[in-house]
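Student: Please take one part of this protein and go through it closely. I would like the cut-offs behind each term as well.

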Amino acid sequence: MSCDEGSPYKALISLAKARYSCRAFTSTPVPSRDIHKILEVARTAPSDCNTQPTKVFVVSGEPLDLLRAEMYRSALDGADRKSDVPPIGVYTGIFQERRRECGWALYNAVGVQKGDRVASAKQALENFRFFGAPHLAIITVHKDLAERGLFDAGIYLGHFLLAAQAVGVSAVPQGAIAHYAQIIRKHAAIENDFRIVCGVSFGYEVKDHAANSFRTTRAELSDSVIFVE
């Protein structure tokens, strides 16, 4: 089939370009049937030798409220952080430029002035209340698969995000919350054999919220692809 109107490619590129990281959610829960649709797509993700090392914990309701409260309080108080997967130590070159571009696009959208560290810190803390989302998917991977397992978890995450977009559910992948792995593990009863990679807050967007009004850019193909022919 050609890439004409109605083709699978057309549907896929439309979903991929419409998807964005939602940073303000309503409290309305997603129906269980739609959550299962998302997970059904995510579980089709390929993995190294079909090892399927990813395990996902979907937290909602009171357990999520308790996790949200402790996570936010810990971040606010500057509690010690402990990650199962080491965070990036220093962003360099173009990676730092892109990171800053993303950050300032968000701050500009919500009215945070450059240099206002109090306001920017307040916005950053929203990560730790999951932007008000009614659901949190915690992406974990078995420790025995090491870095290869992390690759597979990333592929699973991509499938999850596109599936959410396909059923009209907004989402945001969050690496920052994994810095408090010990808190997440306590509330979600995650075994020590599974490394906490990231979270995905999901639900329905607040359509008129300033934090949902901007979109990040993407590098051109020529910046990220080399054809060797």
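Tutor: What follows is a close look at the sheet and a helix that packs on it.

This is a predicted model, in which local features need pLDDT of at least 70 and side-chain atom pairs count only at pLDDT 80 or more, while totals for chains, interfaces and linings use all residues. Residues are numbered from 1 along each chain as its sequence is written, and side-chain values use heavy atoms, with hydrogens and water left out.

Helices (H or I, at least four residues) and strands (E, at least two) are DSSP runs, numbered from the N terminus. Four strands make an open, antiparallel sheet in the order β1-β2-β4-β3; strands pair if DSSP finds at least two bridges between them. β1 and β3 (170–174) stand at the edges with a single partner strand each, so one side of each has no neighbour in the sheet. Between β2 and β4 (residues 194–203) the antiparallel pairing runs over eight bridges, and Ala137 stands opposite Val200 in β4.

Helix α3 packs on this sheet, touching β1 and β2, and its direction makes about 95 degrees with that of β1. Contact means heavy atoms within 4.5 Å; axes are lines fitted to C-alpha atoms, for helices over the stretch in contact, and angles run from 0 to 180 degrees between N-to-C directions. In α3, the buried residues (under 20% relative accessible area, 1.4 Å probe, protein chains only) include Leu64, Leu67 and Met71. The buried residues of α3 pack against β1 (54–60), α5 (117–125), β2 (135–142) and α7 (181–188). Just after α3, Gly78 takes a positive phi of about 70 degrees.

How values were computed:
Buried means under 20% relative accessible area, exposed over 50%, partly exposed in between (1.4 Å probe, protein chains only).
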